[in-house]
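Here is a set of short exercises to work through with the coordinates open beside you. Try each task before you read its solution.

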Amino acid sequence: MDFLLGGTAACMAGFFSNPFDVIKTRQQLQGELAQKLSYTPYSSVWHSIRSIVKAEGILGLQKGLSSALAFQFVMNSTRLGSYQTIDNLGWTRSSNGDISMLRCVFWGGMSGMFGSALGCPLYLVKTQIQAQSHGKYAVGYQHHHTGMMDGLRHICKKYGLKGLWRGYSSLIPRTMVASSAQLATFSECKDQIQRFHVFRQSVFLTALASSMISGLFACICMTPFDVIATRMFNQGVDKTGKGLLYNNIIDCFSKTFKVEGFFGLYKGFVPNYLRVAPHTILNLTFWDMLKKWRALYFPEDNNVLFKSIP
């Protein structure tokens, strides 16, 4: 049940955060391995929204939604379900029952790695669809998928099942870093703010405040890895499946830093935060609320002492 609740909460949050995911992807691919640009259709969040709506209509802001929600469900049902199970077993706490930051970071990263392994094909297609545009608004390599199933079928037919996990090496550190930062800081923040009476009386306020702080830490830590993952997944490949721009994650880091500098690794930071923060807030808040409702209406499902998000 914990796995189902985690995936459901992520899908509910993903619907609202997907437009910023599209903007983030476009900004991260804009000016890829280029020092100067003659035209920047995605120079800011507002400018990006205007460019997308002008080129693709209002629905362009929800590009890749089906693959994004599918990825969120697969990845987060595994990630959050695993983490909740681990916490129920007491593995995130010290011998005296207090939250252990080191253990939270470790198990948060491990649960994120498990989730990304299963969701990698969906993340691949999501990224490629979100990058698709036309004319002067097109950035990065254009794959021309008509939808999630078309993308999966095309990649599998051309490159085999192995092709669906192309770029996975870049998704591992991205997800592990984000998951570790998010779940560990959420756990610590929640323990700290529950010392105040107003938060002890409200599950929603506790989850909301913890999520806001957690989302900021997650975004700061993950953005460089997110830029690399976006570029690794979206790059074109030759007939053998070899990347046209990058050989591996180290090569991508090196080329991006060398050509675009430090800030090249933080491209799309603002829309990424506008995606991560509300997604974290909605995802973990929905998760917390769903678990509370489960404990209230299905108490027989709780074989261990029920805890809200650690």
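The exercises below concern a predicted model, and each task is followed by a worked solution.

**Exercise 1. Fold at a glance**

Task: Find how many helices and strands the chain has, and how much of the chain is buried.

Solution:
- Step 1. Start with the secondary structure: there are 10 helices and 0 strands. Read along the sequence, this gives the pattern α-α-α-α-α-α-α-α-α-α.
- Step 2. Turn to burial. Of the 310 residues in the chain, 53% are buried.
- Step 3. Look at the contacts between residues at least 6 apart in sequence: 76% of them join residues at least 24 apart.
- Step 4. Finish with the surface. The accessible surface is about 14100 Å², and carbon and sulfur atoms account for 67% of that area.

**Exercise 2. The nonpolar cores**

Task: Identify the residues with the most contacts inside the largest nonpolar core, then work out which elements supply it.

Solution:
- Step 1. The largest nonpolar core has 16 residues, and those with the most contacts inside it are Tyr123, Leu152, Leu171 and Phe233.
- Step 2. Two or more residues of this core come from each of helix H3 (65–88), helix H4 (101–130), helix H5 (148–159), helix H6 (168–193) and helix H8 (203–234).
- Step 3. H4 gives the largest share, with 6 residues.
- Step 4. Now zoom in on leucine 152. Once neighbours within four places in sequence are set aside, leucine 152 is in contact with Pro121, Leu122, Val125 and Leu164.
- Step 5. Look for a second core as well: a separate one of 11 residues includes Val22, Ile23, Leu61 and Val139.

**Exercise 3. Nonpolar side chains at the surface**

Task: Find which residues make the nonpolar surface patch of about 380 Å², and decide whether valine 198 is buried, partly exposed or exposed.

Solution:
- Step 1. The patch is made by Phe196, Val198, Phe204 and Leu205.
- Step 2. Valine 198 sits in helix H7 (residues 197–200).
- Step 3. The relative accessibility of valine 198 is 49%, so this residue counts as partly exposed. The exposed class begins over 50%.

**Exercise 4. Salt bridges**

Task: Examine three of the salt bridges, and say where the partners of each pair lie along the chain.

Solution:
- Step 1. Get the total first: the whole structure has 12 salt bridges.
- Step 2. Take lysine 24 and aspartate 21, whose side chains meet at 3.2 Å, N to O. They are separated by about one helical turn because they are 3 residues apart in helix H1 (residues 2–29). Both lysine 24 and aspartate 21 are buried.
- Step 3. Next comes glutamate 56 with arginine 26, where the closest N and O atoms are 3.1 Å apart. Glutamate 56 belongs to helix H2 (residues 45–56) and arginine 26 to helix H1, so this pair ties together parts 30 residues apart in sequence. Arginine 26 has a relative accessible area of 0% and is therefore buried.
- Step 4. The third pair is arginine 231 and glutamate 260, with the closest N and O atoms 2.6 Å apart. This pair links distant parts of the chain, 29 residues apart: arginine 231 is in helix H8 and glutamate 260 in helix H9 (residues 249–260).
- Step 5. Check burial for that pair. Arginine 231 is buried at 0% relative accessibility, and glutamate 260 is buried at 14%.
- Step 6. Finally, follow shared partners: salt bridges join Asp21, Lys24, Lys126, Arg174, Asp226 and Arg275 into one network.

**Exercise 5. Loops and backbone angles**

Task: Locate leucine 33 and histidine 144, and find the phi value of each.

Solution:
- Step 1. Leucine 33 lies in the loop between H1 and H2. Its phi is near 55 degrees, a positive value in a residue other than glycine.
- Step 2. Leucine 33 has 26% relative accessibility, so it counts as partly exposed.
- Step 3. Histidine 144 is in the loop between H4 and H5. Phi of histidine 144 is near 60 degrees, again positive in a residue other than glycine.
- Step 4. With a relative accessible area of 60%, histidine 144 is exposed.
- Step 5. Glycine 135 is also found in the loop between H4 and H5, and counts as exposed at 64% relative accessibility. Its C-alpha is 8.7 Å from that of alanine 55, although the two residues are 80 apart in sequence.

Conventions
Residues numbered from 1 in each chain as written. Predicted model: local features only at pLDDT ≥ 70, side-chain atom pairs only at ≥ 80, totals over all residues. Heavy atoms only, no water. Core = buried A, V, L, I, M, F, W, Y, C linked by side-chain atoms within 4.5 Å. Buried < 20%, exposed > 50% of the residue type's maximum accessible area, 1.4 Å probe, protein only. Helix = DSSP H or I, 4+ residues; strand = E, 2+ residues; numbered from the N terminus. Contact = heavy atoms within 4.5 Å. Patch = residues over 30% accessible without salt bridge, like charges linked within 9 Å, V, L, I, M, F, W, Y side chains within 5 Å. Areas by Shrake-Rupley, 256 points an atom, 1.4 Å probe, with all protein chains shown as cover. Salt bridge = Lys/Arg side-chain N within 4 Å of Asp/Glu carboxyl O.
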